[in-house]
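The following exercises ask the reader to work through selected features of one protein model. Each task is followed by a stepwise solution.

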Amino acid sequence: MTIPITLSMAAMAALINIWLAIRIGRVRSSAKVSIGDGGNELLQRRMRAQANFVENAPFVLVLIAAVEIADHGSMLLWGIGSLFMLARIAHGIGMDGGKAQIGRMIGTIATLLVLLGLSVYALAIAGGFTPH
């Protein structure tokens, strides 16, 4: 059995995590901070953005996999997964503050809606309430 939606989303999540790590590394390098945050606010923000990603991505990926296996996936599931990935990019950029800060709010709201939607969908499948 292949689960192409889950595989694609996991790959995208890994790439986003690498991007977030590179952003942290750039600040670490320029601020000459190798361990911790050195009191650097931008470094704190970027570290928190990556931590927040790592806190949410596993739940989304597990739910996508479970729904894809149980319900054979759909264009809706592709869309939901893609929305999550875009939300996490917006959140990462928004965590830098300034004018881009709106991305943090959009990313947070979209992430919570994705988690809620996938949870309800998974519960519906488990309860036999899917339209097939």
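**Exercise 1. The setting of a threonine**

The side chain of Thr-111 reaches the backbone oxygen of Gly-107 at 2.7 Å in this predicted model. Establish where Thr-111 is found, whether it is buried or exposed, and what further polar contact its side chain makes.

Solution.
1. Thr-111 belongs to helix α4, which spans residues 102–126.
2. The relative accessible area of Thr-111 is 2%. Because buried means under 20%, Thr-111 is buried.
3. A polar contact of 2.6 Å joins the side chain of Thr-111 to the side chain of Arg-88.
4. Leaving aside residues up to four places away in sequence, Thr-111 touches Asn-56, Phe-84, Ala-87 and Arg-88.

**Exercise 2. Relative orientation of two helices**

Determine how α1 and α2 are oriented to each other, and describe their contact by residue class.

Solution.
1. The axes of α1 and α2 lie 10 Å apart, and the packing angle is about 175°.
2. Since angles over 145 degrees count as roughly antiparallel, α1 and α2 fall into that class.
3. The contact of α1 with α2 comprises 19 nonpolar, three polar and four charged residues.
4. The loop between α1 (4–31) and α2 (41–71) contains Lys-32. Lys-32 has a positive phi of about 55° although it is not a glycine, and it is exposed, with a relative accessible area of 74%.

**Exercise 3. Salt bridges and a shared partner**

State how many salt bridges a search of the whole structure finds, and identify the residues that form one network through shared partners.

Solution.
1. The search of the whole structure returns four salt bridges.
2. One of them pairs the side chains of Arg-23 and Asp-96, at 2.8 Å from N to O. Arg-23 lies in helix α1 and Asp-96 in the loop between α3 (75–94) and α4, so this pair ties together parts 73 residues apart in sequence.
3. The side chains of Arg-46 and Asp-96 also meet in a salt bridge, at 2.8 Å from N to O. Here Arg-46 in helix α2 is linked to Asp-96 in the loop between α3 and α4, 50 residues apart.
4. Through shared partners, Arg-23, Arg-46 and Asp-96 are joined into one network.
5. Within this network, Arg-23 is buried at 10% relative accessible area, Arg-46 is buried at 13%, and Asp-96 is partly exposed at 26%.
6. A further salt bridge joins the side chains of Arg-45 and Glu-41, at 3.0 Å from N to O. Arg-45 and Glu-41 are four residues apart in helix α2 and therefore separated by about one helical turn.

How values were computed: Residues numbered from 1 in each chain as written. Predicted model: local features only at pLDDT ≥ 70, side-chain atom pairs only at ≥ 80, totals over all residues. Heavy atoms only, no water. Buried < 20%, exposed > 50% of the residue type's maximum accessible area, 1.4 Å probe, protein only. Polar contact = N/O pair within 3.5 Å; in protein donor to acceptor, adjacent residues only side chain to side chain. Contact = heavy atoms within 4.5 Å. Axes fitted to C-alpha atoms, helices over the stretch in contact; angles between N-to-C directions. Parallel < 35°, antiparallel > 145°, perpendicular 65-115°, else oblique. Nonpolar A, V, L, I, M, F, W, Y, C, P; charged D, E, K, R; others polar.
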